[in-house]
Amino acid sequence: MVMAGSGTGGARSARRARFVPIWALLLGALVVALIGTFPYYAGDSSYLLLLLGKFLCFAIFALSIDLIWGFTGILSLGQAVYFGIGAYFVALSLKINYALEHPTRYGNKFPDFMEWNGLKELPGFMTPLISTPLAVLCAVAIPTFLAFIFGVITFKRHIYGVYCAVITLAESLILQEFIIEYQAYTGGFNGITDYSNYVGAPFLWFILAVTVAFFLIARALTHSRIGTVLKAIRDNDVRAEFMGYNVANYRIFVFCVSAFMSAAAGALYAAWVGIVSFLDAGPVFSVEGVIWTAVGGRATLIGPFLGAFLVRGLEFLLSSSWLANYWQFFMGILFIAVVLWIPDGLVGTLGGWLRKRRRGTLEQIREEQDLLARDRQRDWEPAGAPKAGEETV
Amino acid sequence: MTQALISQFLIGFSVAAILVIGAIGLAVIFGVAGVINMAHGQFIMVGAYTAAVVGQLGGNTFLAIPVAFVVVALLGLVVERGIIQWIYDRPLETLLATWGVGIILEVLMKVIFGPELYYVGAPRILDGGVRFIGRLPYPYYRLFLIGLAAVMVLATLYLIFRTDFGLKVRAVRRNRAMAGCLGIDTARIDMLIFMYGSGLAGIAGAVLAPIKSVSTTMGFSYAVGSYMVIVLGGVGNLLGVPTGGFLIGEGETLLAYKFNSVIGQLLVFVAIVIAIRVFPRGIFGYHERR
């Protein structure tokens with residue numbers, strides 16, 4: 001018994017992730033340092049600083065999609081639902097607090113968009129949001145809970161793949177329409193604006209810390225036993241089920257983790273940018289997150305970060321040129337190109353290419369391939385038939 | 001009260017007809033090829049613009065229907081040959097690629113036709129309405145939509161169950177590898193069925209143009225409605241589309257009458273999610289062998 005225990009322990013340690021190479025650690029530290037010191041050489045109020053914090057939030061969002069899509073194979077086209085709910089909770093709380101100190105034109109101490117829509121006072125169910133910590137708690141807890149309910153309903157009944165994608169898409173569309181319709185409580189088309197946001201070095205460091213923490217959590221998760229099971233589910237869920245794993249529970253778990261990360265990204269986004277609109281909860285934003293992940297490389301952890309920064313950065317560069325009106329067009333081309341030609345994304349393709357290079361010279365690879373081919377042929381041939389490469393005289 | 005309810009019920013019937021018209025093309029493609037066309041809404045939009053052009057040239061909806069069918073079927077041919085044929089084995093990525101197609105179509109149509117809205121009149125014969133109950137007349141055009149939905153479903157049923165082509169389609173759907181071994185060109189079947197489904201989307205656009213202003217973004221909400229119809233009705237049997245369309249159309253209309261349209265949509269969505277817990281592959285779904 002003791003022997004068996006130590007045996008599995010040994011096997012587990014052997015399966016543990018490879019040691020992180022020193023250059024990766026250094027590179028990561030360099031990137032973090034570059035982002036962290038950005039306020040010093042760019043100025044505290046520059047537009048680029050705002051953009052940087054925004055991109056970090058988008059990168060977390062893409063990472064959350066990567067966890068469910070890249071590692072588990074659940075394509076959700078409605079992940080912005082969780083991002084949006086998180087963002088709206090924080091934005092509402094900040095707006096309410098802002099209104100307490102800055103009365104509206106008629107001297108009322110509640111958000112101006114509620115006044116425009118004919119409310120006389122802050123609705124009772126919103127009063128708890130005056131406490132910002134509580135709002136932040138709601139912003140991450142409620143989406144996670146919603147994701148749990150959604151997961152229990154769908155994954156427990158083996159609803160996945162295209163069905164899941166379509167249902168989540170509809171979810172996102174409905175939330176968007178809900179926000180527009182109930183403008184007295186959500187700001188409607190205009191969204192929630194004009195509240196004191198937290199642009200500046202300290203909050204950038206906070207976002208950066210959260211980003212790094214989520215990255216490490218994601219790494220620990222995907223390199224653990226759970227991560228191995230998740231990948232098994234992605235590659236062949238029926239086989240994973242037959243091997244005794246409760247596929248539905250694993251799916252629900254990772255879906256909740258992902259929703260938690262999305263919601264946190266949304267909460268940070270709202271506090272950083274100072275404007276939240278229905279677009280941040282809509283289907284277009286959801287799909288955009290998926291495409292960032294696809295461009296960067298799904299099933300890699302760097303991919304979502306790279307994808308979010310590259311695509312969003314490109315959009316920023318193009319939107320100031322004459323191409324601005326056709327940006328959407330390039331986005332469409334990008335979707336198709338990534339799916340057709342680089343389905344593994346930039347990081348995945350590059351990584352595969354490097355791995356192939358490292359395996360040896362062309363001669364060695366060819367020899368290896370020959371051996372493999374010979375083995376394969378042997379399996380096909382009937383006993384007694386001449387072997388491949390054998391002289392038959 | 002009952003009168004209002006009955007008239008709402010009748011309106012819901014026409015909403016259901018619109019959903020069926022939009023969803024039938026999608027259901028055919030999804031049922032056979034197993035891919036969902038995320039550009040379906042934009043295909044509907046192209047059909048509507050085709051109807052607008054036909055209208056400007058002096059034609060009416062009856063002329064626009066075949067023209068839109070051909071135009072959008074050709075568009076489907078281009079998309080299928082250019083993109084989808086390479087990724088049939090990756091259905092989730094088909095979603096992304098066709099989403100890209102949708103974006104490109106929206107930009108292209110905006111470049112060609114400009115940002116302004118187009119209005120297409122209903123044919124003269126279908127002006128006015130018949131008074132079933134209460135004060136408000138029931139427009140002839142809505143009756144026409146209900147009839148058209150029935151015709152489209154019946155025509156598709158005929159095509160699938162009474163023609164040679166349909167026999168091959170059913171064979172491919174049941175067992176693709178075996179059908180291929182028996183000499184059926186499965187890639188060609190996929191292509192033709194995609195063209196047919198796209199053409200049906202074109203018809204949907206042509207007949208929806210008179211009841212909604214034609215713009216580049218008109219298609220998306222119809223497309224989502226169509227996806228919901230498929231999810232609820234299932235694709236195992238073509239009767240799933242009318243069933244799903246009827247349930248969703250009536251549900252949304254009656255709930256919108258009781259509360260408002262957003263609450264109606266929300267409740268219907270919740271009902272759909274609960275319903276697929278009972279029928280994971282839709283009401284008429286079959287449990288696919290994997």
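**Nonpolar core, chain contacts and helix packing in a predicted model**

The largest nonpolar core, a set of buried Ala, Val, Leu, Ile, Met, Phe, Trp, Tyr and Cys residues joined through C-beta atoms within 7 Å, has 199 residues, and those with the most contacts inside it are Ala267(A) and Ala48(B). The largest share of this core, 20 residues, is supplied by helix α13 (residues 247-273) of chain A. Ala48(B), when residues up to four places away in sequence are not counted, touches Gly205(B), Ala206(B), Leu208(B), Ala209(B), Val214(B) and Met218(B); here two residues are in contact if their C-beta atoms, placed from the backbone, lie within 7 Å.

The model is predicted, so that local features need pLDDT of at least 70 and side-chain atom pairs count only at pLDDT 80 or more, while totals for chains, interfaces and linings use all residues. Residues are numbered from 1 along each chain as its sequence is written, and chains are lettered from A in the order in which they are written. For chain A the pLDDT (the predictor's confidence in each residue, from 0 to 100) averages 83, with 88% of the residues scoring at least 70. Among the elements of this chain, α13(A) has the highest mean pLDDT, 94, and helix α1 (residues 2-15) the lowest, 42. Over residues 1-15 of chain A the pLDDT is below 50, and this stretch has 0 contacts in the model beyond near neighbours in sequence.

Chain A contains 18 helices and 0 strands, where helices (H or I, at least four residues) and strands (E, at least two) are DSSP runs numbered from the N terminus. Of its 393 residues, 40% are buried, that is, have 20 or more other C-beta atoms within 10 Å of their own.

Between the chains, 34 residues of chain A are in contact with 30 residues of chain B. The elements giving two or more residues to the chain A side are α8 (161-181), α14 (283-296) and α16 (327-341), and the largest share, 13 residues, comes from α8(A). This side divides into 27 nonpolar, 4 polar and 3 charged residues, with Ala, Val, Leu, Ile, Met, Phe, Trp, Tyr, Cys and Pro counted as nonpolar, Asp, Glu, Lys and Arg as charged, and the others, Gly among them, as polar.

Within chain A, the axes (lines fitted to C-alpha atoms over the stretch in contact) of helix α4 (residues 47-70) and α14(A) come within 8 Å and cross at roughly 75°. α4(A) is therefore roughly perpendicular to α14(A), a term that covers angles of 65 to 115 degrees. Residues of α4(A), including Phe58(A), Phe61(A) and Trp69(A), meet Gly289(A), Val290(A), Trp292(A) and Thr293(A) in α14(A).

Conventions:
A residue is buried if 20 or more other C-beta atoms lie within 10 Å of its own, exposed if 12 or fewer, and partly exposed in between; C-beta atoms are placed from the backbone. Axes are lines fitted to C-alpha atoms, for helices over the stretch in contact, and angles run from 0 to 180 degrees between N-to-C directions. Angles under 35 degrees count as roughly parallel, over 145 as roughly antiparallel, 65 to 115 as roughly perpendicular and the rest as oblique.
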